[in-house]
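This report describes how the helices and strands of one protein chain are arranged, beginning with its sheets and ending with two backbone details.

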Amino acid sequence: MLLATLASTAGAEPLEKLAGKLAKGLKDQESKKVAVLNFPYPDGGTSSGSSIVQERLTTFLAESGKTEVIERNLIKKVLEEMKLETTGIIDSATTKELGKILGVGALVTGTLNDLKKNKTEVNARIIQVETGKILAAGQTKIERTWTDSPVRPAGTKTNGATTTSSSGGSFLGKPLIQLAILLDTSNSMDGLIAQAKTQLWKIVNELASSERDGDSPTIQVSLYEYGNDNISRGENHLRQVLPFTTDLDKVSEKLFGLTTRGGQEYAGAVIQDAVQNLQWDKHDDVYKAVFIAGNEPFTQGPMDFREAIASAINKGILVNTIFCGNRQEGIATQWKAGSDLGNGDYMTIDQAVKVVYIQAPQDEEIQKLGNQINKTYIPRGTYGKEAHLRQGAQDISVAALGTPGAPTERALFKAKAQYSGAASSWDLVSEMESGKLKLEELKQEELPQDLKSLSPAELKSHIGKKIQERKDIQKRINELNKAREKYIAEEEKKKASGQGIETLDQAMLKAIQIQATKKNFKF
């Protein structure tokens, strides 16, 4: 009766299709015997949904007649004897041991991700126990027919700390995007770094133009470099260039400071560092993703990439891989295996390709307005002065690249709410407009020299004029951009080159749009 009820509930059909997709991975395998593990949430928590999905997949795989499936109670007993959590997230060594004890050739594992109160995403994969190779993977959405929140078992460890039981499945309520960009800076990667410099502003513009429930997202970006001999072997040739920040001028500045030098490219180690040492948000409705780009085998280094990616999945972080070279070579060197395991996308780009931008009639005026908007910022204190100088320096650096589209994209981002919002830590205009700072709280020594002689009333009036001036410039930039987007869309239709060569921005944006849509972002 229980199985009949489960099979008839909403969401059973998508899971049946998912089971069929997973079973195809066993087609060429000698052993057709599998064990379906429990399906946890990314933080390792479980709910009744974890066992419901496990039970349904077990039923559908058994009904297919193409596989022999181990009884769920036996799996639970073995896991308890091995003193493992029944979370389904295990490392490669444990996978092999578990497979040997159960006498199976493959394990079905995965995670749940609550999208809404009544909708859940199921990510699943079937893993060959002997090699840890992913034989097949799939994703589907089902109705969330259970009402309990996920809970981590008491006494389990998270980041080295023992925890008591705690609820998961929580929602931040406001749109947040967290991106960790991991760039190979070994000798052969100059083209990749050049693309990152020119295309950063296009990427963040697209993200800033998205929305969820009518609200624009906050975008946090972190930057890592790896594979560089300037960084010692003891540090795994990797470095956190920037922690998560909303100040994209800082990201641009650091990108321009990167230099390449040959080294060992430890993909697993840099992923693990980013997962462990960045301040990832814990809420389930946040889009969290790693993008790692490089061109050497994904298996290099002391850290098994499978274990590093399992850590990412535990935190609800998607891992996307970008191989700079031939698609088949990237597959052979395990870059696709990394993205499959990380529930992300595998992409290949030509880092040597010359990026062709379509110049629009509106570009020149947009760039001029982008420079003018700097004059609406009033730096507060020493930190504000440094940030204001960085703002102008990045305008010069981006323009010096000689890529027509890059200064335009940067100017467009200056018209976005996030750009001025990020400046509210140093810009008097942003601070006053947001209400973070009251005029009476301002110290005279924090003012620029030319404003120190103004009376409070005069200073208030001056700041008010800057607020309005900025709004006018932002409005004009956005008006011009509407016409620009229409012009570019028409030119792209005419162009239709069909070369199929992707650059960094195209690869990242395609993946982000598909993945963030599952978190209810709209583009």
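Which residue in β13 is the bridge partner of phenylalanine 323? In this predicted model, the bridge partner of phenylalanine 323 in β13 is threonine 348. The pairing belongs to a stretch in which strand β12, residues 318-324, and β13 run in the parallel sense, joined over five bridges.

**The chain as a whole**

The protein chain has 523 residues, of which 52% are buried, and its secondary structure consists of 18 helices and 13 strands. Among contacts between residues at least 6 apart in sequence, 74% join residues that are at least 24 apart. The accessible surface of the chain comes to about 24000 Å², and 48% of that area belongs to carbon and sulfur atoms.

**The six-stranded sheet**

Strands β12 and β13 belong to an open sheet of six strands, whose order is β10-β9-β8-β11-β12-β13 and whose pairing is mixed. Its edge strands are β10 and β13, the latter covering residues 343-349, and each of them pairs on one side only. On average, neighbouring strands of this sheet are turned by 15 degrees against each other, with direction ignored. Helix α6 packs on the sheet, where it touches β8, β9, β11, β12 and β13. Helix α8, residues 267-277, lies across β8, β9, β10, β11 and β12.

**The five-stranded sheet**

A second arrangement is an open sheet of five strands in the order β2-β1-β3-β4-β5, again with mixed pairing. Here the edge strands are β2, residues 68-69, and β5, residues 134-143, each pairing on one side only. Strand β4, residues 119-128, is antiparallel to β5 and is joined to it by nine bridges; within this pair, the bridge partner of alanine 124 is glycine 138 in β5. Helix α3, residues 48-63, lies across β1, β2, β3, β4 and β5.

The directions of the three helices that lie on these sheets, each given relative to one strand, are collected below.

| Helix | Reference strand | Angle between directions |
|---|---|---|
| α3 | β1 | about 160 degrees |
| α6 | β8 | about 170 degrees |
| α8 | β9 | about 145 degrees |

**The contact of α6 with α18**

Helix α6, residues 190-208, also packs against helix α18, residues 504-517, at an angle of about 35 degrees and with the two axes 8 Å apart. In this packing, α6 passes α18 in a right-handed crossing. The contact brings residues of α6 including Leu192, Ala196, Ile203 and Leu207 to residues of α18 including Leu504, Met508, Leu509 and Ile512. Gln195, Gln199, Lys202 and Glu206 of α6 also take part, as do Asp505 and Gln513 of α18. Divided by type, the residues of this contact are eight nonpolar, three polar and three charged.

**Two residues with positive phi**

Most residues other than glycine have a negative phi. Against that background, asparagine 236 has a positive phi near 60 degrees, and it is found in the loop between β9, residues 218-226, and β10, residues 238-245. Asparagine 236 has a relative accessible area of 24%, and it is therefore classed as partly exposed, the buried class being reserved for values under 20%.

Glutamine 334 likewise has a positive phi, near 80 degrees, and is found in the loop between α10, residues 327-332, and α11, residues 335-341. Because its relative accessibility is 25%, glutamine 334 also counts as partly exposed.

Conventions:
Residues numbered from 1 in each chain as written. Predicted model: local features only at pLDDT ≥ 70, side-chain atom pairs only at ≥ 80, totals over all residues. Heavy atoms only, no water. Helix = DSSP H or I, 4+ residues; strand = E, 2+ residues; numbered from the N terminus. Buried < 20%, exposed > 50% of the residue type's maximum accessible area, 1.4 Å probe, protein only. Pairing = 2+ DSSP bridges. Contact = heavy atoms within 4.5 Å. Axes fitted to C-alpha atoms, helices over the stretch in contact; angles between N-to-C directions. Left-handed = near helix turned anticlockwise from the far one by under 90°. Nonpolar A, V, L, I, M, F, W, Y, C, P; charged D, E, K, R; others polar. Areas by Shrake-Rupley, 256 points an atom, 1.4 Å probe, with all protein chains shown as cover.
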